[in-house]
Each structure stands twice: as C-alpha cells, then as structure tokens.
Amino acid sequence: MSVDVKKEKGREILQELAKNSDIFFEIYAPDVAARLGLGYDKLSEINLRLIYCSLSGYGQDGPYRDVKAYDLLIQGEGGIIATTGYPDKPARAGIAIADIASGMYAAIGILLALYQREKTGQGQLIDVSMLDSIVSWLGYFPHHYWHAGEEPARVGMRHHYVTPYGPYLAGDGEYVNLAVASASDWEIFCKKVIEKPELLDDPRFATVEGRRKNRGLLEETIETIFLGKDHKHWLEQLKKAELPHGIVRGIAQVLAHPQVVARKLIREAESPVGKVPVIANALKMSRSEARYDRIPALGEDNDTILRELGYDTGAIESLKRDKVI
C-alpha cells in the first residue's frame, strides 16, 4: 500500500490500520511521526498491543538526536572509518553496515517485544539508533583501549592483533586468504606451507605479541614468499596443512559459489516486471520454510486494504482523486 501521510486523510488511514496491526515501524527523524499524529503516544492509545519501532541516526534523545545521519556519517562518528583502511588513508566499509546493523537490531527488538507481549498483553516502544548499533559492533577495540590504552592502527587487509592473517598476493595476481591464529598454526604454517622452518627460531616471531610488534618485517617476508608461487600452489599447501584458508571473490564469483548454489541462496520471486533474482533468507529453520511470494507493485493492494478498513468505492475513488493514495 502507498499513502501520502502529509495529507490528513492519509494519516487517518494509517491510524485505522494501527487499530488492528501488530507492528508500526518508522524511520523519520525524531518527533516527525509525532507531529503527523503517528507517534507512539497517539498510536498506543489506539492500540495498547501495538509494537512501535523507531529507527533513527542517533536515537530519540541525547544531544545528537536532531543531527542528520547517513550510513557514511555514522561510520565516521562510530569509529569504523578510523579503524578501516591503510595506515596513510582511512576508508569506509564497502557496504552500508550502519544501515544493516540498525535494521537487524530493529528486527531483534520487534521479535523480543512480540514475545514479551505474549506474556503481558501489551506492546511497547523500541528506540533503535544507527550510532548505538555501530558502536556495539566495535568488538574488541573498546577493550583494548580500556585495558591497554590503545587506539587500533589501520592495517589494511590484515588483522589488528594477529599475524599472519589476511589476504596475500600470489605470483599470478590472485589473493590467498589465510589465518594463523595459534602457536601450533604458526609452526604448521612455517614448516608445511611456506617451508621456512628457520622462522620458528627467530625470537622476534616466537609469540603472537612478538609477531604483532614486528609485523612490518614479518609481513614483508611472507609477502615476498607468496609472490614466488601462483595462488593454486598456496591453496594446495594450505589445504594439505589443514590451515584455515580461502580466496578473495568478486560478486560474480560469490553468486556462483558452489556453497551458495548448494544452500540455494539465490531464489526467484515474481514481480510486476517478471521473475527477478533475490538473495534468500539467511535463516534456515527445521520447522519454518521461507516463502518467496510475488513482489507487489507500489500501491497495488490499496483498494483491497482500504475495503478491509471499511472504505467504500466512492471513498476510495475520492482518495485517488485527492492523491492521498
């Protein structure tokens, strides 16, 4: 359904929908929905069981509540850009991670509220902030700051605290991804993968912390070694050594990935322009199978929904003439 909420009759339609709806989700700036008569206070009066989720850049309170936000800006404010990229140049994450993170928290919050409503019979307001979401994704960085006073350095494609770890360029121009995460991994890597057991006798590389402190020298050594053979050689060495490894795939390669195919991650859905490919739901549940229904055109179900709300043909035609729908 599509409706113009800037018009009073449009807002009335949403208020009618709210009477029997489970969830109201909005991504306006704080107070905009309330000014339209679609805020939590108003709609919860209409329906005590309504679960109302507001997603905004900085949340519904605090000194930044009215600051405009986009994914790029939140990546900067939330510490992602400062920790991503190379030593001489920061970078944003390639995908809109602040948008995705906050959307996932919104979904989780709605599910929690639905579960709680089963016990209390009441809905509630869920306040999701893009900044809150991305700060919660900082992982171990805050702990290294709190306990060691460290700001994480930018390390490109490498790991901040473990090395060797990351993609290494092979002699044929392809990247080989690998992870050496323990003392035993380091021994296996030196002996069975790069066949340089003498590195094990170097005291600078004897511990995880030592390898980290001498990262520059160690990385240069390994990068030179990997350039000496093609990527197939290194993948075979890593496979035989049973160390974690992979390749760096482009999007076309990902979509054709044998595991993606086996897991049926690419599906088709009908739409007004015919069948279109879609990425499948990542959740696979033993008692619940995902459906991929037809994608409707914008406003396609206006008449059906309005009739369910009690609008007759004349009222619907009037709404169309007034461009409310």
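# Questions on a predicted model

Visitor: Is E300 buried, partly exposed or exposed, which of these?
Guide: The relative accessibility of E300 is 38%. Buried means under 20% and exposed means over 50%. Because 38% falls in between, E300 counts as partly exposed.

Visitor: What kind of model is this?
Guide: The atoms shown above do not come with a record of an experiment here, and the values discussed are computed from the model. The model is predicted.

Visitor: Which residue meets E300 in a salt bridge?
Guide: The contact is between side chains, with N and O 2.8 Å apart. The partner has a relative accessibility of 41%, so the partner is partly exposed. That partner is R294.

Visitor: How many residues apart are K320 and D303 in the chain?
Guide: K320 forms a salt bridge with D303, and their closest N and O atoms are 3.3 Å apart. The pair links distant parts of the chain, with K320 in helix α16 (residues 313-321) and D303 in helix α15 (residues 302-308). In sequence, the separation of K320 and D303 is 17 residues.

Visitor: K320 or D303: which has a relative accessibility of 27%?
Guide: K320 has a relative accessible area of 34%, so K320 is partly exposed. The residue at 27% also counts as partly exposed, and it is D303.

Visitor: Which residue pairs with D293 in a salt bridge, and is that residue buried or exposed?
Guide: D293 is partly exposed at 44% relative accessibility. The side chain of D293 meets that of R291, at 2.9 Å from N to O. R291 has a relative accessibility of 67%, which is over the 50% limit, so R291 counts as exposed.

Visitor: How many salt bridges does the structure hold?
Guide: Some salt bridges are linked: R158, R215, E219 and E223 form a network. The pair of D293 and R291 is another example. For the structure, the count of salt bridges is 15.

Visitor: How many disulfides are there?
Guide: A disulfide is a covalent bond between the sulfur atoms of two cysteines. The rule used here asks for two cysteine sulfur atoms within 2.5 Å. By this rule the count of disulfides is zero.

Visitor: Are C53 and C190 buried or exposed?
Guide: C53 has a relative accessibility of 0%. C190 has a relative accessibility of 0%. Because buried means under 20%, C53 and C190 count as buried.

Visitor: Which strands stand at the edges of the three-stranded sheet?
Guide: The open sheet has the order β6-β7-β8, with antiparallel pairing. Each edge strand has a single partner, so one side of each is left without a neighbour in the sheet. The edge strands are β6 (165-169) and β8 (245-247).

Visitor: What is the average twist from one strand to the next?
Guide: The strands in question are those of the open sheet β6-β7-β8. From one strand to the next, the twist averages 25°.

Visitor: How many bridges join β6 to β7?
Guide: β6 and β7 form a hairpin with five residues between them, and G173 in the turn has a positive phi of about 85°. Across this antiparallel pair, G166 stands opposite L178 in β7. The number of bridges joining β6 to β7 is five.

Visitor: What is the bridge partner of L178 in β8?
Guide: β7 (residues 175-179) pairs with β8 in the antiparallel sense over three bridges. In this part of the sheet, N177 stands opposite G246. For L178, the bridge partner in β8 is H245.

Visitor: Which helix packs on the sheet?
Guide: The helix touches β7 and β8, and its direction makes about 20° with that of β7. The helix covers residues 231-241 and is α12.

Visitor: Which elements each supply at least two residues of the largest nonpolar core?
Guide: This core has 21 residues, and W186, F189, V193, I194, F226 and W234 touch the most other members. The suppliers of at least two residues each are β7, α9 (183-193), α11 (215-226) and α12.

Visitor: How many residues are in the other core?
Guide: This core lies apart from the largest one, and its members include Y58, I80, A93 and V128. The number of residues in this other core is 18.

Visitor: How far apart in space are G76 and E308?
Guide: G76 lies in helix α4 (residues 71-77) and is partly exposed at 40% relative accessibility. G76 and E308 are 232 residues apart in sequence. From C-alpha to C-alpha, the separation in space is 46 Å.

Note on methods. Residues are numbered from 1 along each chain as its sequence is written. This is a predicted model: local features need pLDDT of at least 70, side-chain atom pairs count only at pLDDT 80 or more; totals for chains, interfaces and linings use all residues. Side-chain values use heavy atoms; hydrogens and water are left out. Helices (H or I, at least four residues) and strands (E, at least two) are DSSP runs, numbered from the N terminus. Buried means under 20% relative accessible area, exposed over 50%, partly exposed in between (1.4 Å probe, protein chains only). Two strands pair if DSSP finds at least two bridges between them. Axes are lines fitted to C-alpha atoms, for helices over the stretch in contact, and angles run from 0 to 180 degrees between N-to-C directions. Contact means heavy atoms within 4.5 Å. A salt bridge is a side-chain nitrogen of Lys or Arg within 4 Å of a carboxyl oxygen of Asp or Glu. A nonpolar core is a set of buried Ala, Val, Leu, Ile, Met, Phe, Trp, Tyr and Cys residues joined through side-chain atoms within 4.5 Å.
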